[in-house]
Amino acid sequence: MLFVKNGMIHDAIHPDAFKGSILVENGKIKAIGENLDIPAGAEVVDAEGLQIYPGFVEAHGHIGLDGYGIGYEGMDYNEMNDILSPQMRGIDGVKSLDPALPKAAAAGVTCVCVGPGSANVLGGTFTTIKTVGKRVDDMVVRDGVAMKCAFGENPKRVYRDKKDSSRMTTAALLREILFKAREYMEKKEAAGDDISKRPAFDIKLEALIPVLKREIPLKAHAHAAEDLFTALRIAKEFDLKITLEHVTEGHLIVEELAKENVPLAVGPTLTSASKFELRNKSWTTPGLLAAAGCQVSIITDSPVIPQEYLPLCAGLAVQAGMDPFAALQAITINPAKHAGIADRVGSLEAGKDADIVITDGCPFEVSTTVKHVFIDGKAVPTDCSL
């Protein structure tokens with residue numbers, strides 16, 4: 001049992017912080033409030049003069065699938081031989097002992113949504129994991145949370161001489177496999193228990209059934225405005241759930257995105273414009289979209305930006321005009337909603353996982369020090385070299 005007392009609590013639900021305490025039992029927040037009694041035998045952390053936040057959450061990255069400091073041979077986040085690979089599962093590539101994970105935890109990033117990259121039109125499923133553990137199976141919050149798809153320059157670049165040399169081709173390839181998967185699903189359902197009438201098993205089409213049933217969204221990599229619109233168009237054609245990832249030109253089409261009411265993951269912005277579709281990159285993007293009523297998450301796309309700099313990215317968005325509370329939500333509750341795990345993480349509320357970050361100032365500022373991090377109520381080291 002853990003009792004954190006006397007800190008200023010920023011719960012990511014209410015704009016105003018309040019001085020109070022948090023009681024943790026069996027890895028969950030049991031109570032949170034201003035006048036809690038300390039149970040006998042509880043471990044007590046006095047947060048007098050300190051700030052208390054939910055663990056920070058990454059909505060889109062590849063930490064653990066890339067391999068910290070080991071070069072190309074450690075990169076496991078793209079299948080480079082098959083432009084349509086929905087059967088891939090991000091969990092199968094996660095290196096749970098990757099040194100990047102404790103670095104993230106030390107900075108207060110306690111939960112990440114990770115999976116395949118954007119080389120392929122369909123890349124496979126993302127998983128959500130805590131940033132501590134030895135075995136990835138024990139780190140999972142929820143597996144198979146979204147199906148990665150990609151528009152724009154990446155599939156064109158990787159498969160230009162093989163399969164895909166235009167945006168039209170990318171869209172056509174995605175439509176084709178969705179049509180096939182829908183037909184496959186309908187034949188399975190019509191066959192019922194009669195095995196002789198079922199279609200021949202197809203692992204790719206099988207993997208797309210949860211998407212067609214709206215159990216998980218398409219997680220659509222799209223930077224340019226035209227790609228964002230194509231992603232939305234296809235989602236409507238097949239009545240799919242969708243989240244938009246990167247949204248680099250989102251500030252140019254704010255009104256259109258606000259009408260769509262789909263989750264947006266914005267970033268990585270702390271990088272150069274390394275390709276044409278990034279030429280309009282701006283730190284104003286998350287703030288403008290949030291002000292228009294969009295659900296915005298700020299992302300590092302780790303390792304594009306090291307995972308530990310997620311709070312810094314929020315701070316840079318604030319510097320560019322984003323409301324500070326909206327920025328806090330963009331690295332806590334919004335990415336939790338984006339990944340479908342808001343019942344577990346993303347805010348400080350009774351019943352949720354006890355992922356707690358205690359700092360000596362605003363986490364958006366480089367001068368702030370992370371004093372304590374708890375994941376599932378257990379302290380993790382904060383002295384990891386960043």
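## Strand pairing, helix packing and backbone outliers in a predicted model

At 26% relative accessibility, N6 counts as partly exposed, because that value falls between the limits for buried (under 20%) and exposed (over 50%). The model described here is predicted. N6 belongs to strand β1, residues 2–9. Its C-alpha lies 5.3 Å from that of G20, although N6 and G20 are 14 residues apart in sequence. Beyond its neighbours within four places in sequence, N6 is in contact with K19, G20 and S21, and also with D46, A47, E48 and G49.

### The open sheet

An open sheet of 8 strands runs in the order β6-β7-β8-β9-β10-β11-β12-β13, and its pairing is mixed. Its edge strands are β6 (56–61) and β13 (296–298), each of which pairs on one side only. From one strand to the next the twist averages 25°. At the β13 end, strand β12 (residues 264–266) is joined to β13 by 3 bridges, and the two run parallel. Within this pair, L264 stands opposite V296 of β13.

### Helices α4, α5 and α6

Helix α4 covers residues 167–191, 25 residues in number. At 1.5 Å a residue it should span 36 Å, and its end C-alpha atoms are 37 Å apart, so the expected and computed values agree. The buried residues of α4 are T170, A171, L173, L174, I177, L178, A181, Y184, M185 and A191. These buried residues pack against two strands, β8 (122–130) and β9 (140–150), and against three helices, α3 (153–159), α5 (203–212) and α6 (225–237). Just after α4 comes G192, with a positive phi of about 60°.

How do α4 and α5 lie relative to each other, roughly parallel or roughly perpendicular? Their axes come within 9 Å and cross at roughly 90°. An angle from 65 to 115 degrees counts as roughly perpendicular, and α4 and α5 are therefore roughly perpendicular to each other. On the α4 side the residues that meet α5 are I177, L178, K180, A181, R182, Y184, M185 and K188; on the α5 side they are L205, E206, L208, I209 and L212. By class, this contact has 9 nonpolar, no polar and 4 charged residues.

Helix α6 has 13 residues, and the distance from its first C-alpha to its last is 19 Å, close to the 18 Å expected at 1.5 Å a residue. Buried in α6 are A225, D227, L228, T230, A231, L232, I234 and A235. The cover over these buried residues includes α4, β10, β11 and α7 (254–260). α6 lies across β10 (218–222) and β11 (242–246), and runs at about 165° to β11. After α6 comes D239, whose phi is positive, near 55°.

### Strands β14 to β16

Strand β14 (residues 356–359) runs antiparallel to strand β15 (residues 370–375), with 4 bridges joining them. In this pair V357 stands opposite V373 of β15. β15 also pairs with strand β16 (residues 378–380), in the antiparallel sense and over 3 bridges. There I375 stands opposite K378 of β16. The hairpin of β15 and β16 has 2 residues between the strands, and D376 in this hairpin takes a positive phi near 55°.

### Backbone outliers in loops

Two cis peptide bonds and two positive phi angles are placed in loops as follows.

| Feature | Value | Loop |
|---|---|---|
| G267–P268, cis peptide bond | omega about 0° | P268: between β12 and α8 (285–291) |
| S302–P303, cis peptide bond | omega near 10° | P303: between β13 and α9 (310–319) |
| N26, positive phi | phi about 55° | between β2 (18–25) and β3 (28–33) |
| N261, positive phi | phi about 55° | between α7 and β12 |

N26 is not a glycine, and neither is N261. Are these two asparagines buried or exposed? N26 has a relative accessible area of 74% and is exposed, because the cut-off for exposed is over 50%. N261, at 68% relative accessibility, also counts as exposed.

Conventions: Residues are numbered from 1 along each chain as its sequence is written. This is a predicted model: local features need pLDDT of at least 70, side-chain atom pairs count only at pLDDT 80 or more; totals for chains, interfaces and linings use all residues. Side-chain values use heavy atoms; hydrogens and water are left out. The expected span of a helix is 1.5 Å times one less than its number of residues. Buried means under 20% relative accessible area, exposed over 50%, partly exposed in between (1.4 Å probe, protein chains only). Contact means heavy atoms within 4.5 Å. Two strands pair if DSSP finds at least two bridges between them. Axes are lines fitted to C-alpha atoms, for helices over the stretch in contact, and angles run from 0 to 180 degrees between N-to-C directions. Angles under 35 degrees count as roughly parallel, over 145 as roughly antiparallel, 65 to 115 as roughly perpendicular and the rest as oblique. Ala, Val, Leu, Ile, Met, Phe, Trp, Tyr, Cys and Pro count as nonpolar, Asp, Glu, Lys and Arg as charged, and the others, Gly among them, as polar.
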